[in-house]
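Reader: I would like to go through this structure with some care, taking the contacts in turn and hearing the reasoning behind each answer.

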Amino acid sequence: METKNILFEITDGIALVTVNRPESLNALNSQVLGELECTLYEIEHDSEAQVVIITGAGEKAFVAGADIKEMAAMTAYEGHRFALQGQRVMLFIEKMTKPVIAAVNGYALGGGLELALACDIIYASENARVGFPEVTLGIIPGFGGTQNLSRLIGPNKARELVFSGRMIPAQKALAWGIVNEVFPRAELAGKVMDLAREIAKNGLLGVGYAKNAIVNGLNMVKEDGFRYESSLFGVLFATEDQKEGMGAFVEKRKAVFKGK
Ligand code: CO8
């Protein structure tokens, strides 16, 4: 599919997705969201792609939010539909069988932070700033941010960030547990790629099942989560990758996983 605002390439099993609207700091309008959804769908069904990286084009921003200029004229009905469209993309990322890493290379605000929070792992550059400015615009986060942030860092810190609308620097986001690691700007792409390669070596099946257990387990009470984990654990014993992984250990060689 031809996409105007999303760049995408797969190299050595790693799919790099770039939100490419730098003149608007990669703000998400309905067209960008539609293209992002189609691109991610394509990647999910492409057997070559093992790990996904999402980043933003240009020097300043990952994604500076949903497009305020598009939203300004929306009716309540259109606003609701727009929120649902964004939520569909965020939930799709969570449901993907492939791990998704956010490379936050600048502002991740509003819908941009929501996009990062939907990803499995967030690496950020030192110049990144994150926040939820929605209340300064008379709205609230609408692409799952209130839910994902409070689950990630607890409701108190989430309330402070969302109620104040303030932006916090990358180091504070690290201290609060919003991002996994922070790197100098020039090192971010390399560090994200190293992590993606390390994950890709482990084979899609085990990593995908682990993602499934963590993401879905968060919606369950703990004992149900344990039960769910043990079912997925059992299913993996019916796969070639489990035979290969354990066989390679016993034979003192490196495992070569096939994702089946
Ligand atoms: N939407 C549209 N355009 C944007 C956005 C945005 N979110 N962010 C930046 N831009 C545009 C600017 O308007 C400007 O365009 P132009 O040159 O035509 O004036 C261009 O990008 C460059 O931006 P600035 O000149 O403002 O750059 P600065 O370096 O001076 O400032 C900031 C950078 C601080 C990031 C600033 O641009 C800013 O505050 N942006 C808005 C951030 C924001 O409030 N984001 C949250 C938006 S709301 C949201 O995401 C809700 C998600 C849930 C929606 C639910 C559905 C209803």
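The exchange below concerns a predicted model, and it moves from salt bridges to a helix, the ligand and a few single residues.

Reader: How many salt bridges does the count come to in this model?

Author: The rule behind the count accepts a side-chain nitrogen of Lys or Arg within 4 Å of a carboxyl oxygen of Asp or Glu. One pair that meets this rule is arginine 21 with aspartate 67, and another is arginine 166 with glutamate 160. By this rule the count comes to 10 salt bridges.

Reader: What separation in sequence does the pair of arginine 21 and aspartate 67 bridge?

Author: The closest N and O atoms of arginine 21 and aspartate 67 are 2.8 Å apart. Arginine 21 sits in the loop between strand E2 (14-19) and helix H1 (30-44), while aspartate 67 sits in the loop between strand E4 (61-63) and helix H2 (68-71). The salt bridge therefore links distant parts of the chain, and the two residues are 46 residues apart.

Reader: Are arginine 21 and aspartate 67 buried or exposed?

Author: The class of buried residues is set at under 20% relative accessible area. Arginine 21 has 12% relative accessibility, and aspartate 67 has 7%. Because both values fall under that cut-off, arginine 21 and aspartate 67 count as buried.

Reader: Which helices are tied together by the salt bridge of arginine 88 and glutamate 37?

Author: The side chains of arginine 88 and glutamate 37 meet at 2.9 Å, N to O, and the two residues are 51 residues apart in sequence. Arginine 88 is partly exposed at a relative accessible area of 44%, and glutamate 37 is partly exposed at 21%. Since arginine 88 lies in residues 76-95 and glutamate 37 in another helix, the parts tied together are H3 and H1.

Reader: Which residues are linked in a network of salt bridges?

Author: The pair of arginine 166 and glutamate 160 meets in a salt bridge at 3.0 Å, N to O, with arginine 166 partly exposed at 40% and glutamate 160 partly exposed at 37%. The residues linked in a network of salt bridges are Glu244, Glu251 and Arg253.

Reader: Where around the axis of helix H8 do its buried residues lie?

Author: Helix H8 (residues 188-200) has 13 residues and reaches 18 Å from its first C-alpha to its last, close to the 18 Å expected. Its buried residues are Leu188, Val192, Leu195, Ala196, Ile199 and Ala200. They cover an arc of only 135 degrees around the axis, so they lie on the same side of H8.

Reader: Which elements do the buried residues of H8 pack against?

Author: The residues concerned include Leu188 and Val192. The elements they pack against are E2, strand E3 (51-56), strand E5 (100-104), strand E7 (121-125), strand E10 (181-183) and helix H9 (204-217).

Reader: Which residues are the closest to the ligand?

Author: A polar side-chain atom of lysine 60 lies 2.6 Å from an oxygen atom of the ligand, and a polar backbone atom of glycine 111 lies 2.7 Å from an oxygen atom of the ligand. On the nitrogen side, a ligand atom is 2.9 Å from a polar backbone atom of alanine 64. In total 27 residues surround the ligand, and the closest are Lys60, Ala64, Ala66, Ile68 and Gly111.

Reader: Which side chain joins that of threonine 55 in a polar contact?

Author: Threonine 55 is found in strand E3 and is buried, with a relative accessible area of 13%. A polar atom of its side chain lies 2.9 Å from the backbone oxygen of alanine 103, and its contacts beyond four places in sequence include Leu16, Phe62 and Ala103. The side chain that joins it at 3.4 Å is that of asparagine 105.

Reader: What is the relative accessible area of serine 125?

Author: Serine 125 is found in strand E7, and its side chain makes a polar contact of 2.5 Å with the side chain of asparagine 127. Beyond four places in sequence, serine 125 touches Val104, Asn105, Gly106, Ala170, Val182, Phe183, Arg185 and Leu188. Serine 125 is buried, and its relative accessible area is 0%.

Reader: How far apart in space are alanine 72 and leucine 137?

Author: Alanine 72 is found in the loop between H2 and H3 and counts as exposed at 67% relative accessibility. Alanine 72 and leucine 137 are 65 residues apart in sequence, and their distance in space, C-alpha to C-alpha, is 9.5 Å.

Note on methods:
Residues numbered from 1 in each chain as written. Predicted model: local features only at pLDDT ≥ 70, side-chain atom pairs only at ≥ 80, totals over all residues. Heavy atoms only, no water. Helix = DSSP H or I, 4+ residues; strand = E, 2+ residues; numbered from the N terminus. Buried < 20%, exposed > 50% of the residue type's maximum accessible area, 1.4 Å probe, protein only. Expected span 1.5 Å × (residues − 1). Arc of directions from axis to C-beta. Contact = heavy atoms within 4.5 Å. Near = heavy atom within 4 Å. Polar contact = N/O pair within 3.5 Å; in protein donor to acceptor, adjacent residues only side chain to side chain.
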